[in-house]
Amino acid sequence: MNQAPVFAVVGHPNKGKSSIVATLSQNDAIAIALEPGTTRRSHAYPLQVDGQVLYTLVDTPGFQRPRRVLEWLEAHSVSASDRAAAVAAFVTQHRGNPQFSDECELLTPLIEGAGIIYVVDGSVPYNPQHEAEMTILRWTGRPSLALINSIGDENYGDTWQAALGQFFQIVRTFDAVRAPFEQHLSLLRAFGQLEPAWENPLKAATGFLDRQRQQRRQHAATLIAQTLQQMMGYRHSRSLAEDLTASASSQNKDALASELRKSWYQHQRQREQQLRGDIQQLYQHDQLQRQEAKLEWQSEHDLFSEGSRQLWGANKGYLAGVGFGAGAVGGVGIDALTLGASFGTGALIGGIVGAAGSYFYGDRLPLPTLKIGPLRDGVKTASFGPVPDTQFGYVVLGRALNHWWQVSHRNHAGRTALALATTDSHWLEGLPKQDRNILHRALEKARKGKAPGPNDPHKLGQAITRAMETYNEWQLKNL
Amino acid sequence: MVKQSAAKPSVTKTPITKQPLRLLMDFDAQIQRDDQQAPDFIHRRDRKCALSGEEHNSPSGPAHWLAWLGRFDNSSDQSSGPGQSTEQHWQRINSGFIALGAVLGIITMTGLLFYDGGQRINVTVIIGFVALQLLFALLTSLQSVVGWQPWRPLLNRVVPAPAPALQPLQPALMARAAQGGGLSFAVAALLTLLAMVVTQDLAFGWSTTLNTAASGYHQLTSALATPWAWLWPAAVPDLALVDATRFFRAGTNTALTPARWGQWWPFISMLWLVWVVLPRLLLRLLASALVRLRARKLLLCHPGLRALRERMATPVLDTGAGRNDANDLPDTRYNTLLQPLPEKAHLLSWAGAGTVNDKQASPSVLSAICLGPALNVGGLASLGQDQQAIAQLTASSDAVTAIVLVRSWEPPTGELLDFLTSARQSWPVGSRVCLLPLEATTRSPSATALQPWLRFAERCSPGFVTVGDIVISTELAQS
């Protein structure tokens, strides 16, 4: 049986070896720091599909004493044919020796058959002084690939590329923190080029990773759809005590409204945070710190403030458009009842009414109001919510898509807090008309407390998937 | 692909064949429970179920999935669960309807056949009542097909609110219960009729205010008796009987033989059996079939089933994200400060720092400090050259003061530590080394780049190594 390929990520200390492994293994819990010696032991990160390992990445400590190792190797080698054996003998000889513990850790996977991924920092000048470690790697006889990572802002990639080409079969540039997902796959495919037997497992692995990404997008769309429906239709209710019912003065009502409003807001915030957590978990960003304005109503980031509405809400023209579409669907019912005798007037009237309603609400975000229900079974119920119009849904959706986009485009090597920056133009304009209507109808239905039909969640999920594509294109265009 | 065998016991204990309603409810309850589970866990679990099914060539429907999930359940009560509970609820409702129907059937028939010896029992009334029963039966079925639930508020008070998955099934379930009650009513009424025919002397006749001839009435009874005319001709009243048994409230028909009044009973019995009992029976069976059909359809449309199939078909991809050493970072605290450069010192260049090969040559301020040209150590220099440099400085003065130029972006390694340790051992007491990190550009090194050097100096022998700064030295010289 063919053994799954193993790739040891090696290099000088602090060149981003762990960052490369973190990004490719989608693990944001790997210790990464600008401190030599952060990685003290080798750690294997296998990629498994249904329990079968397709390949393994091994994160290793950096070279500490390459000249001394090379000196030992040269002293114990007779000819070029015994160099790999000399490297193995070095590891055997020095295992347990604290002076060479890092070298033993990084050379062990190589003598066990791993491919070499040699990482350098392309943001600092080329340094010929690293030749000792490159020579040791060449002595192992293992297939090798050099990776020019970029930790800083400068770019010395060209000089590195020219120099490394003399030592390594393949030289690639890969920014562990900023490289887009397509480059991850491309790099993994390049790993497969190191040996013919490795090509198929790496090809299969990239196929699985690609499919996983697509499924994550769909899953994220489902999560956003569920959250939207729940937040749009959420009503906070409370049974009223007899005394309060009896003395239903305006002061009591105000206090009650304030209390229910607070609980309603808190629930909506928690629900939004839950979505954030779910999306991050979906993309395996468990350690991610977020910097985002909370779903606030009363602060400067007020969800219903003019700025927030302009940022994430739908504009009047958009709402009038989708309002017309939704109204026209209702109006078709009139035409059906008249067996077409109204010649489509019903659809037209429905469309105009829908558009007018949406246009009217387009420039404001009304808050829910307190409602006290009739006495039933001796108890009165006070309720707050759901939101009176769909603009709220567009704001929640915009914020959710922004978070999803940032998380899905974030590499696991990133250690800075995720800043959910604001933007100055609107993405909704690029959404196909059919999806706008599906989205608007779903928001309206949820707001009115109507149960979704059997296919509605699926349709909404698909509309949000396309909204994600639209948002992605819009973001990339802005970038 | 590796197929993992299912954990033992692999033989399912729960019966696979389940009533569609129970299956729907059990499935829905499991999906609700899964909402509380981690998505990764349910994906792994369901994928394993699918692989186990493939291995044993067993189907992968919801029933098998539930059985697979329950295979470790040692409870002897296999019938427990939400499906069973729902069925029991409805069994109680059905029983209530049956009991009520039976009581009402007996009372109704007793009322219809009330005979005090004076007035005849009017066949016309019985025919009308039969028509009414038939109409009720059809309306009950129609209401379930349309989904109208006028009894819903009443039901909500009696039974707990149904799960969302069961809500679309409520009309069909209610129709089944109502048809069961109707059937019970019809059968009880028929038995009452037969009992009264046997135990009492009933006198039937027909009467109507309308000016109807006996022949017309005979046509009506013959039409009603068509279904059983071939089976029991005696149960079809002939014209003579119809003609003879008409009675008027205002007059008396004493000429008729008393036995003739009783000859209507076979017709009445068959009328009830064929037009009340049989339709109820058929509609009851239809309602049961409708419940099963709808439950099956709801299960197929269940959003959880779509997600389950997706999970079963999607391979579990583990990218190696399980390892977490995010908190296992080296101690980055330090107490050392940057020091001014010594007034006079020997100059050493570690790994080519500050040499002409480097981007930034040795700073000009050093020319006034240094006692001679820089000695190359580390990097491309051999270990022997390192030792030669140490020996050269040992011979030149009593206590050595040296400045070691290093690249700030190349973190200190074990080799530098070895070099400094060797120098300390070789040089006289009171010797000092000042590390001077240089930046790749003309700027001074950033604080982030200097921190590892300060920590490195702390790890070296106390008082032997410091980290120098040109800016501090220049400022001191100017003051």
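Helices here are DSSP runs of at least four residues, numbered from the N terminus. Keep that in mind for the legends below, and remember that this is a predicted model.

**View 1. Trp148(B) sits in a loop of chain B.** Look for Trp148(B) between helix 5 (123-146) and helix 6 (152-158) of chain B. Is Trp148(B) buried or exposed? It's exposed, because its relative accessible area is 57% and anything over 50% counts as exposed. Trp148(B) also has company: together with Leu132(B), Leu135(B), Phe136(B), Leu139(B), Leu142(B), Val145(B) and Val146(B), it forms a nonpolar patch on the surface. The accessible area of the patch adds up to about 820 Å².

**View 2. The largest nonpolar core has 46 residues.** In soluble globular proteins, nonpolar side chains tend to be buried together. Which residues of this core touch the most other members? They are Ile224(A), Ile279(A), Leu397(A), Leu401(A), Trp404(A), Trp427(A) and Ile464(A). Several elements of chain A chip in with at least two residues each: helix 8 (196-233), helix 10, strand 10 (380-384), helix 14 (391-408), helix 15 (433-447) and helix 16 (456-478). Helix 14 of chain A is the top contributor, giving nine residues. Now zoom in on Leu401(A): setting aside neighbours within four places in sequence, its contacts are Ile224(A), Trp427(A), Ala467(A), Met468(A) and Tyr471(A). There's also a second, separate core, this one of 37 residues, and Ala8(A), Val91(A), Leu107(A) and Tyr118(A) are among them.

**View 3. His285(A) is tucked into a loop of chain A.** You'll find His285(A) between helix 10 (250-282) and strand 8 (290-291) of chain A. With a relative accessible area of just 2%, His285(A) is buried. What lies 3.1 Å from a polar atom of the His285(A) side chain? It's the backbone oxygen of Arg410(A). Arg410(A) is also on the contact list of His285(A), along with Asp28(A), Gln280(A), Val407(A), Asn411(A) and His412(A), once neighbours within four places in sequence are left aside.

**View 4. Gly379(B) is in contact with residues of both chains.** Gly379(B) belongs to the loop between strand 5 (375-377) and helix 14 (383-396) of chain B. Its relative accessible area is 12%, so it counts as buried. Leaving aside neighbours within four places in sequence, Gly379(B) is in contact with Arg67(A), Gln129(A) and Ala351(B). For a sense of scale, try Leu183(B): it's 196 residues from Gly379(B) along the chain, and their C-alpha atoms are 99 Å apart.

**View 5. Two residues, Ala351(B) and Gln26(A), have a positive phi.** Most residues other than glycine have a negative phi. Ala351(B) has a phi near 55 degrees, and its loop runs between strand 4 (346-350) and helix 13 (366-369) of chain B. At 11% relative accessibility, Ala351(B) is buried. Gln26(A), in the loop between helix 1 (17-24) and strand 2 (43-49) of chain A, has a phi of about 55 degrees. Gln26(A) is buried too, with a relative accessible area of 6%.

**View 6. Chain A has 16 helices and eleven strands.** How many of the 479 residues of chain A count as buried, as a percentage? The figure is 53%. Among contacts in chain A with a separation of 6 or more, 75% come from residues 24 or more positions apart. On the outside, chain A exposes about 21100 Å², and carbon and sulfur atoms supply 51% of that.

Definitions and conventions:
Residues are numbered from 1 along each chain as its sequence is written. Chains are lettered from A and ligands numbered from 1 in the order in which they are written. This is a predicted model: local features need pLDDT of at least 70, side-chain atom pairs count only at pLDDT 80 or more; totals for chains, interfaces and linings use all residues. Side-chain values use heavy atoms; hydrogens and water are left out. Buried means under 20% relative accessible area, exposed over 50%, partly exposed in between (1.4 Å probe, protein chains only). A polar contact is a pair of N or O atoms within 3.5 Å; within protein, one must be able to donate a hydrogen and the other to accept it, and residues adjacent in sequence count only if both atoms are side-chain atoms. Contact means heavy atoms within 4.5 Å. Patches are made of residues with over 30% relative accessible area and no salt bridge: like charges are joined within 9 Å, nonpolar side chains (Val, Leu, Ile, Met, Phe, Trp, Tyr) within 5 Å. Accessible areas come from the Shrake-Rupley method with a 1.4 Å probe; for residues, only the protein chains shown count as cover. A salt bridge is a side-chain nitrogen of Lys or Arg within 4 Å of a carboxyl oxygen of Asp or Glu. A nonpolar core is a set of buried Ala, Val, Leu, Ile, Met, Phe, Trp, Tyr and Cys residues joined through side-chain atoms within 4.5 Å.
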